Amino acid sequence: MGTHRRPRQRVTGGGRARTAATITLAGAATATGLGGTGHADPQPTAAQVRAKVDKLYQQAEVATEKYNGAKEKADAAEQRLEKLRDQAARKEDRLNSAREALGSVAAAQYRSGGLDPALQLALSADPDRYLDGAAFVERAGSRQTAAVGRVRKELRDIERLRGAARVELASLTSRRAELKRHRETVTGKLETARRLLSRLTAEERARSGQGTGDRASRSPAGDRQPLSAPSAQAPNSRAAAAVAYAYQKLGSPYVWGATGPNAFDCSGLTQAAYRAAGVSLPRTTYAQIDAGRRVARSELLPGDLVFFYSGISHVGIYVGKGQMIHAPNPSAPVRVAPVDQMPFAGAARVV
């Protein structure tokens, strides 16, 4: 007898349900990977933030020294321009006096019925036309030849001074544009560093140090007392005076571009210290290293300038016992620190 079986009913919704569940789970996994917290980038540690900040400070200091150099050149160009303008103004005064004298002669000649051609040319309002006609002046016989010659010389001198002033003005304009670029670089680096530091707690900032190369020097910002006397005598009274000045400035804030008396950048501090000792130093680190006799690290004496990094972008003043006083960066004041905390690049004995 044949067996009759009921046909198996196909589950019409189960497969679709399983498929939908699979898609949902996959979508959830994808969403977690893209926007969720399951695979978010880890937050940098305090040490990583500090390292990044230190690098930004070093880059800012390189730009600061470039700014200082450009400013020094811009100031010199501005002084030269003012000097040229003063010289031109004095020449113009003499020219006006000479032309007034010639004008009196011309008036007398006119009343007598004629005007000497040389005087006509000398009294012209167009200096270029006058100079172009100089040969005619030389041919024109006149009792006023000497006076006309003086006017001619003054005009030429004025044109020469004006030409030189135009060159200096172009140089000054270029220097000011360069200053703006360096200023933007410095402020940009420092602002980025400030934002990074704001992510750290006060405790994390304290643990990680106060700034580039200052992990071994934790004296408080208000500490202006000498930490220790130099281990050796300065080579002369001026070097000793520079060291004494640096000690007096312990705790002063770092401000880029500053040369004292209340705030400093690194080369500004060394320049101010030697200025107080009666010695004029250049403004920048890469010029200061050539301002004295090079000395080996093993020969350092108090007052020697010590330089760091391959680009000579940082400087301090040696005070003995392997220590220096320097202006580190905006996160740390003027302080005593070990010479070996940064890559040593050289030293110079100024006097």
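Which residue of strand 3 is the bridge partner of Phe308? The partner is His314.

1. Basis. This is a predicted model in which local features need pLDDT of at least 70, side-chain atom pairs count only at pLDDT 80 or more, and totals for chains, interfaces and linings use all residues. Residues are numbered from 1 along each chain as its sequence is written, and side-chain values use heavy atoms, with hydrogens and water left out.

2. Sheet. Six strands (DSSP runs of E, at least two residues, numbered from the N terminus) form an open sheet in the order 1-6-2-3-4-5, with antiparallel pairing; a pair requires at least two DSSP bridges. Strand 1 (293-294) and strand 5 (335-338) each have a single partner strand, so one side of each is left without a neighbour in the sheet.

3. Strands 2 and 3. Strand 2 (residues 305-308) and strand 3 (residues 314-320) run antiparallel and are joined by four bridges.

4. Helices on the sheet. Helix 8 (residues 237-248; helices are DSSP runs of H or I, at least four residues) lies across strands 3, 4 (323-326) and 5, at about 105 degrees to strand 3. Helix 9 (residues 266-276) lies across strands 2, 3 and 4, at about 45 degrees to strand 3. Angles run from 0 to 180 degrees between N-to-C directions of axes fitted to C-alpha atoms, for helices over the stretch in contact.

5. Confidence. The chain averages a pLDDT (the predictor's confidence in each residue, from 0 to 100) of 76, and 67% of the residues score at least 70. Among the elements, strand 2 has the highest mean, 98, and helix 1 (residues 14-35) the lowest, 45.

6. Low-confidence stretch. Over residues 16-38 pLDDT stays under 50, and the model has five contacts (heavy atoms within 4.5 Å) beyond four places in sequence for them.
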